[in-house]
Amino acid sequence: MCVQLKWVTGPCYPRIRANTLVKLQETNVVALFASEKKVLLGKIKKRSWNTPDQQKEIFTKLADQDLKIGEVLWMLSDPDRMVRQYVSRIIINQKMPGAAAAVLKEMKDASGATRSYLLTIIPKLEDPDTFPRVDALMNSRDARDRDTAVEVLLAHPTDRVKPYLLNLLENENRDYRYRALQKLIGERADGEKLARDILDLIRKMAEDKDERIRVRCVQILAEQPDVASADLFLERVLHEEYNVKTAIIKQLESFMEHEELGMVDRLLPLLSQDDDMLRSMALSLTVKYSDPVEIIRK
């Protein structure tokens, strides 16, 4: 296809092809926008506003610019809460390439409220590069990198990071295991029951090396009494250390209220234990939830 070129002529300049002139005009427009972006960023750095409305106007105009994460990243650590909120919205809405990597890098030297704020931003970015970066941090030799990876995972909704949480339950770091457990059971609506696979995991963790985790597992399992947990409690109470044993004894009463579990008959063998605490608990609960005469007969 042939295109006839028109020529632009004039007394003060040589002939210029029309399409060349258009390109020159486009270049000027790009330069104009680039200049406007530079002006807006400069105003933010200099705090060139006197009222909240003026500040909002500057950020509204900035949101229309084609921005790179490196140009605005510094604002996420700004002491002005509104600056942080405005720029966060811009970064999230524009889905800037490299945003997750940049924010994670910024977190490395951040602390306190700044670090906490950066953590809240990462899940909202929905950057596909986030989890590969987290994997790399988790495999780092630097404990601070691993801590950052765990913090980032815990900042996400449970349904988005469940496989990672399940892996953390087997991590050698007991604090990671405990925090992953808390995350798995924490985001529930009132009255919502735990799924069977999660209950099975918690029963397994009830034999964790960390006493704090074992106590927490006892508390969680007592929320949904069933035969498997009843068997576990009565087996563990014979061998546990004082704090976990006390936690089990405290929670067993919630099992007594479920007649289908047959807890009275399950507790009777404990009356012959050498442990005064177990004998006292078994006698107290069986008498309370059954006919004392029938207990004596049995």
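Q: Is lysine 37 buried or exposed?
A: This is a predicted model, so take what follows as a description of that model. Lysine 37 has a relative accessible area of 14%. Since buried means under 20%, lysine 37 counts as buried.

Q: Which residue forms a salt bridge with lysine 37?
A: Look for the carboxylate whose oxygen comes to 3.2 Å from the lysine nitrogen. That partner sits in helix α3 (residues 69–72), while lysine 37 sits in helix α1 (residues 18–46), so the pair ties together parts that are 34 residues apart in sequence. The partner is partly exposed, with a relative accessible area of 26%. It's glutamate 71.

Q: How many salt bridges does the structure hold?
A: The glutamate 71 and lysine 37 pair is one salt bridge, and lysine 95 with glutamate 126 is another. For the structure, the count is 25.

Q: What is the N to O distance between lysine 95 and glutamate 126?
A: Lysine 95 lies in the loop between α4 (81–94) and α5 (99–108), and glutamate 126 in the loop between α6 (112–125) and α7, so their pairing ties together parts 31 residues apart in sequence. Lysine 95 is exposed at 53% relative accessible area, and glutamate 126 is exposed at 52%. A salt bridge needs the atoms within 4 Å, and here the N to O distance is 4.0 Å.

Q: Where does aspartate 208, the salt-bridge partner of arginine 177, lie?
A: The closest N and O atoms of this pair are 2.9 Å apart, and both residues are buried. Arginine 177 belongs to helix α10. Aspartate 208 lies in the loop between α11 and α12.

Q: Which helices do the buried residues of α10 pack against?
A: Helix α10 covers residues 174–186 and reaches 18 Å from first C-alpha to last, close to the 18 Å expected. Its buried residues include Tyr176, Arg177, Leu181 and Ile185. They pack against α7 (130–138), α8 (143–155), α9 (158–168), α11 (196–205) and α12 (211–221).

Q: Which residue's side-chain oxygen reaches the backbone nitrogen of aspartate 175?
A: The spot to check is the start of α10. The oxygen there comes to within 2.8 Å of that nitrogen. It belongs to asparagine 173.

Q: What accessible area do Leu271, Leu283 and Val287 have together?
A: These residues form a nonpolar patch on the surface. Leucine 271 is found in the loop between α15 (263–267) and α16 (276–289), and is partly exposed at 30% relative accessible area. Together, the patch has about 210 Å².

Key: Residues are numbered from 1 along each chain as its sequence is written. This is a predicted model: local features need pLDDT of at least 70, side-chain atom pairs count only at pLDDT 80 or more; totals for chains, interfaces and linings use all residues. Side-chain values use heavy atoms; hydrogens and water are left out. Patches are made of residues with over 30% relative accessible area and no salt bridge: like charges are joined within 9 Å, nonpolar side chains (Val, Leu, Ile, Met, Phe, Trp, Tyr) within 5 Å. Accessible areas come from the Shrake-Rupley method with a 1.4 Å probe; for residues, only the protein chains shown count as cover. A salt bridge is a side-chain nitrogen of Lys or Arg within 4 Å of a carboxyl oxygen of Asp or Glu. Helices (H or I, at least four residues) and strands (E, at least two) are DSSP runs, numbered from the N terminus. Buried means under 20% relative accessible area, exposed over 50%, partly exposed in between (1.4 Å probe, protein chains only). The expected span of a helix is 1.5 Å times one less than its number of residues. Contact means heavy atoms within 4.5 Å. A polar contact is a pair of N or O atoms within 3.5 Å; within protein, one must be able to donate a hydrogen and the other to accept it, and residues adjacent in sequence count only if both atoms are side-chain atoms.
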